[in-house]
Amino acid sequence: MITTAAKAVLVAWFLTTVAVQCRGRFLTELRRLSGSAGLLPAWNLFSPRPIVSDVLVDARGALPTPGATERPWRPVVHPTPRRLRDTVLCVERRATKAVFDAAVAIVHLGEAGVSPEVLVTRRCYLTVLHVATEVADPDLPLVEFRIVHVTYASGTPEHRVVFESRPHRRQAA
């Protein structure tokens with residue numbers, strides 16, 4: 001009796017999960033009912049609006065003297081070609097997703113008008129700064145990063161810098 005009831009609950013949950021993949025006002029309301037527990041997914045398996053842009057994060061080391069020769073930007077998070085082993089296990093996925101999400105959060109906070117003094121204290125900013133520090137030239141005392149938005153609307157990539165950090169001193173070892 002109990003196993004039959006458990007099976008019925010799981011089948012109903014599965015069918016509801018499949019149903020909320022469709023678009024519709026009632027289904028949107030159904031998604032909201034799952035609340036923060038996330039019992040129903042807030043994402044779609046088959047998106048009617050595919051990804052049409054990328055967010056890239058670059059870093060570089062810098063010198064404290066004004067007018068010094070700028071170093072080239074090094075990629076921190078960039079899309080990479082998929083390998084066959086990525087279909088089974090993509091070990092880099094979680095780390096790159098964390099940096100990507102942090103970069104998007106920085107852009108949203110900047111657009112919302114958060115002051116630079118407050119922005120540098122946020123976890124998303126510190127996450128990107130930490131990863132940028134690891135990638136930037138270790139011989140230079142300052143580190144800076146930028147966030148680039150790339151769109152493909154015209155068929156060719158169009159890069160636009162949407163955020164550039166101020167130079168930060170490296171932490172003493």
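## A chat about strand 1, its partners and the largest pocket

Author: Let us begin with strand 1, where eight of the ten residues are buried, so this strand is largely enclosed by the rest of the structure. Please keep in mind throughout that we are looking at a predicted model.

Reader: Okay, and which strands does strand 1 pair with, and in what sense?

Author: Strand 1 pairs with strand 3 in the antiparallel sense over ten bridges, and three bridges join strand 1 to strand 2, again with the two running antiparallel. Valine 57 is a good residue to follow here, since its bridge partner in strand 3 is isoleucine 147, while in strand 2 it stands opposite valine 77.

Reader: What about aspartate 58, is that buried or exposed?

Author: Aspartate 58, which has its place in strand 1, has a relative accessible area of 6% and is therefore buried, because anything under 20% falls in that class.

Reader: Which residues does aspartate 58 touch, then?

Author: Leaving aside residues up to four places away in sequence, aspartate 58 touches Trp73, Arg74, Pro75, Val76, His78, Glu144, Phe145, Arg146 and Val148.

Reader: Can we go on to strand 3? How many bridges join it to strand 4?

Author: Six bridges join strand 3 to strand 4, and these two strands run antiparallel. Threonine 151 stands opposite glutamate 158 of strand 4, and the two strands form a hairpin with six residues between them.

Reader: Which residue in that turn has a positive phi?

Author: That is glycine 155, which sits in the turn of the hairpin and has a phi of about 95°.

Reader: And what comes after strand 4? Where does serine 165 lie?

Author: Serine 165 lies in the loop between strand 4, residues 158-164, and strand 5, residues 168-169. Although it is in a loop, serine 165 counts as buried, because its relative accessibility is 5%. Not counting residues up to four places away in sequence, the residues it touches are Tyr125, Glu144 and Phe145. Glu144 and Phe145 also appear among the contacts of aspartate 58.

Reader: New topic: how much space lies in the largest pocket?

Author: The largest pocket holds about 870 Å³ of space. It is lined by 28 residues, and those closest to its centre are Asp54, Val55, Pro79, Arg93 and Phe100.

Reader: Which element gives the most to that lining?

Author: Helix 3 gives the most, with eight residues. Strand 1, strand 2, helix 3, strand 3 and strand 4 each supply at least two residues of the lining, and by class the lining has 13 nonpolar, six polar and nine charged residues.

Reader: How would anyone know where empty space is left?

Author: Rolling a probe the size of a water molecule over the atoms shows where empty space is left.

Reader: Let's try the loops and helices. Is glutamate 70 buried or exposed?

Author: Glutamate 70 has a relative accessible area of 60%, so it is exposed, and its place is in the loop between strand 1 and strand 2. Its C-alpha atom is separated by 8.6 Å from that of arginine 60, which is ten residues away along the chain.

Reader: And where is arginine 122?

Author: Arginine 122 has its place in the loop between helix 4, residues 116-119, and helix 5. With a relative accessible area of 34%, arginine 122 is partly exposed, and it is 8.7 Å from isoleucine 106, C-alpha to C-alpha, with their positions 16 residues apart in sequence.

Reader: Which helix is histidine 130 found in, and why does it count as partly exposed?

Author: Histidine 130 is found in helix 5, residues 123-135, and it counts as partly exposed because its relative accessibility is 48%. The C-alpha atoms of histidine 130 and valine 143 are separated by 9.7 Å, with the two residues 13 apart along the chain.

Reader: Last one: how many helices and strands does the protein have?

Author: It has five helices and five strands, and from the N terminus on, the elements run α-α-β-β-α-α-α-β-β-β. Of the 173 residues in the protein, 27% are buried. The accessible surface comes to about 12500 Å², and 63% of that belongs to carbon and sulfur atoms. Among contacts between residues at least 6 apart in sequence, 52% join residues at least 24 apart.

How values were computed:
Residues numbered from 1 in each chain as written. Predicted model: local features only at pLDDT ≥ 70, side-chain atom pairs only at ≥ 80, totals over all residues. Heavy atoms only, no water. Helix = DSSP H or I, 4+ residues; strand = E, 2+ residues; numbered from the N terminus. Buried < 20%, exposed > 50% of the residue type's maximum accessible area, 1.4 Å probe, protein only. Contact = heavy atoms within 4.5 Å. 1 Å grid on protein atoms, 1.4 Å probe; cavity = no way out; pocket = protein on both sides within 12 Å on 5 of 7 lines; lining within 4 Å. Points joined across faces, edges and corners; volume = space filled by probe spheres on them. Nonpolar A, V, L, I, M, F, W, Y, C, P; charged D, E, K, R; others polar. Areas by Shrake-Rupley, 256 points an atom, 1.4 Å probe, with all protein chains shown as cover. Pairing = 2+ DSSP bridges.
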